[in-house]
Amino acid sequence: MTDLAVRAAAQGPDPSVAALLATWLPTRRWYPGRGEVRAEAWLAVTFDPGDDGETTAGPDGATLDATPADVVLLLTRLEGTALPGGAVTVQVPLVICDPAARGPGYIDTVTTSSGDVAVHDGGAHPVCWLTLARAMGIGGDPVTLTERGRVLAGEQSNTSVILPGVPSAGGAGGMLKILRTVADGPHPDVVVPQALTADGWDGVPRFLGALEVDAGDAGRVLPVHLAIMSELVPHAADGFELACDVASRGESFADHAAALGRRVAELHGRMARVLPPGPPLDARRFVAGLRGRAARAVADAPSLADHTIEIAALLDALEDRLTALPEPVPTQRIHGDLHLGQTLFGDGTWKILDFEGEPQRPVAERTRPDLPLRDVAGMLRSFDYAAAVGAAPDPATWQDEATRAFLAGCRTAAVPPSGTGLDDDTAALVLRALVLDKALYEVVYETHHRPQWLPIPLGAVDRVFTWRR
């Protein structure tokens, strides 16, 4: 069996399952419902198998009898003042089966109207992995597809599963991403990698498929993407972990940074080619957004009070410069949340991933065309954190060397980091402002969550006002 009929209906789970989830969900790292939250079941996605089930392999290699119809993807609306935008939709994949068939991801056994059932977190269960793969049209022996599958630890917003048995052109297997926070409409982590893969670019993990459901009958924008399969990147290291390791040994990251700069410039060139262009930059609106975020940051972080005049002067200079340009500045789709943790380095090359942006923000905001320099600024701030977290013997020198190499790499690629429409001096000023914007956000975050890390972004704010190209 290689294809499953996917059905979506506006319904909630059995009351006993709903009661179980009400106590279990708040314990999950990916669950955004903090404070007073009202939950309302919106949609249940089920699967109509073409046969009586398949056998899968558990994480320990044992075989598990699978009944794909036992997989239910529950979509629940959360509403509350503490949630971004006041409302978020979460996906809860469940595997429900006879209590005697308890497997990975087991939550508890409950009594429903049809008898006792064992309820599992589908993100950890091979039956769910197989069902999602089948629904994407991925064929192959079911045991082979799921054996040696394992969930990546540490993720906070999604669940990613390594599936070495998934067929792929490079033979490395697949990476299944189950989206825990669901957006209306086409998901950017589907749209962008799919377009880049179709264009033949190897700077992203190859797109293999996605699970899309039609939620039109439930009164929402369609389609809704629930899961994504991409090719596994073999022998790869997380970019931030790699940078921290290099920094901890007191070694230069310059060669890596230069190659990454070239890769990021290639990314922006490809995105400009395969995705729709944005409107010309509205300079006054652009700077007004920076002013508003800066004002909120200063109000929220007392440590920024002494920088108020400097911030205003920099943004005044930026507005004057941008509004005096003779030609409009184009915008385009960008990554939107680029940092070292969104990259992989393996077999001597960089891959860029995770194009979804902040998953709890509306898709319209996450996909809004912008200046490529915003991505550049995000990467520069990531070097600063790698130097500090990796405890480089001389963090300032390490970070400065990586920064210069990265920017040089961007400039040597076909598309410069400034894109088109900006002269070098204006591009440098825009980059300063965007680095400041990111650092101010970090100051607020560290003030509230990790005060011991506050010196990292505060140092960056200081450096912005002594910036030399």
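Strands β5 (residues 71-79) and β6 (residues 87-97) run antiparallel to each other, with nine bridges between them. This is a predicted model, so read what follows as a tour of that prediction. The stops are the strands around β5 and β6, a five-strand sheet with its helices, two helix-helix contacts, and a closer look at Gln399.

**Around β5 and β6**

- Within the β5-β6 pair, Leu73 has Pro93 of β6 as its bridge partner, and Leu75 is matched with Gln91 of β6.
- β5 also pairs with β2 (residues 38-48), again antiparallel, this time over eight bridges.
- In that pairing, Arg38 sits opposite Glu79 of β5.
- How much of β5 is buried? Seven of its nine residues are, so the strand is largely enclosed by the rest of the structure.
- β6 gets similar treatment: nine of its 11 residues are buried, so the rest of the structure largely encloses this strand too.
- β6 has further partners to look at, one of them β8 (residues 115-121), which pairs with β6 in the antiparallel sense through four bridges.
- On the β8 side, Leu94 faces Asp121.
- β12 (residues 181-182) is another antiparallel partner of β6, joined by two bridges.
- There, Thr89 has Val182 of β12 as its bridge partner.

**The five-strand sheet and its helices**

- An open sheet takes in five strands in the order β9-β10-β11-β14-β13, and the pairing is antiparallel.
- Which strands sit at the edges? They are β9 (150-151) and β13 (207-213), each pairing on one side only.
- At the β13 end, six bridges tie β13 to β14 (residues 224-231) in an antiparallel arrangement.
- One spot to find in that pair is Gly209, which stands opposite Met229 of β14.
- Helix α2 (residues 126-135) packs on this sheet and touches β9, β10 (158-163), β11 (174-179), β13 and β14.
- The direction of α2 makes about 95° with that of β11.
- Helix α4 (residues 188-198) lies across β11, β13 and β14, and it runs at about 145° to β13.
- The buried residues of α4 are Pro188, Asp189, Val190, Val192, Pro193, Ala195 and Leu196.
- Those buried residues pack against β11, β13 and β14, and also against α6 and α9 (363-366).
- Right after α4 comes Gly200, with a positive phi of about 85°.

**Helix α10 against α12**

- α10 (residues 373-389) and α12 (residues 424-449) pack with their axes 9 Å apart, at an angle of about 50°.
- The two helices are therefore oblique to each other, and the crossing is right-handed.
- α10 brings Leu373, Arg374, Val376, Ala377, Leu380, Arg381 and Tyr385 to the contact.
- From α12 come Ala427, Val430, Leu431, Leu434, Val435, Asp437, Lys438, Ala439, Glu442 and Glu446.
- Sorted by class, the α10-α12 contact holds 11 nonpolar and six charged residues, with no polar ones.

**Helix α6 against α11**

- The axes of α6 (residues 254-274) and α11 come within 7 Å and cross at roughly 35°.
- This crossing of α6 past α11 is right-handed.
- On the α6 side, the residues are Ala254, Ala257, Ala258, Leu260, Gly261, Arg262, Val264 and Ala265.
- They meet Glu401, Ala402, Ala405, Phe406, Gly409, Cys410 and Thr412 of α11.
- By class, the α6-α11 contact splits into 10 nonpolar, three polar and two charged residues.

**A closer look at Gln399**

- Where does Gln399 sit? You'll find this residue in helix α11 (residues 395-412).
- Is Gln399 buried or exposed? With a relative accessible area of 11%, Gln399 is buried, because the cut-off for buried is under 20%.
- Setting aside neighbours within four places in sequence, Gln399 is in contact with Leu380, Phe383, Asp384, Ala387 and Arg463.
- One of those contacts, Leu380, also takes part in the contact of α10 with α12.

How values were computed:
Residues numbered from 1 in each chain as written. Predicted model: local features only at pLDDT ≥ 70, side-chain atom pairs only at ≥ 80, totals over all residues. Heavy atoms only, no water. Buried < 20%, exposed > 50% of the residue type's maximum accessible area, 1.4 Å probe, protein only. Contact = heavy atoms within 4.5 Å. Axes fitted to C-alpha atoms, helices over the stretch in contact; angles between N-to-C directions. Parallel < 35°, antiparallel > 145°, perpendicular 65-115°, else oblique. Left-handed = near helix turned anticlockwise from the far one by under 90°. Nonpolar A, V, L, I, M, F, W, Y, C, P; charged D, E, K, R; others polar. Pairing = 2+ DSSP bridges.
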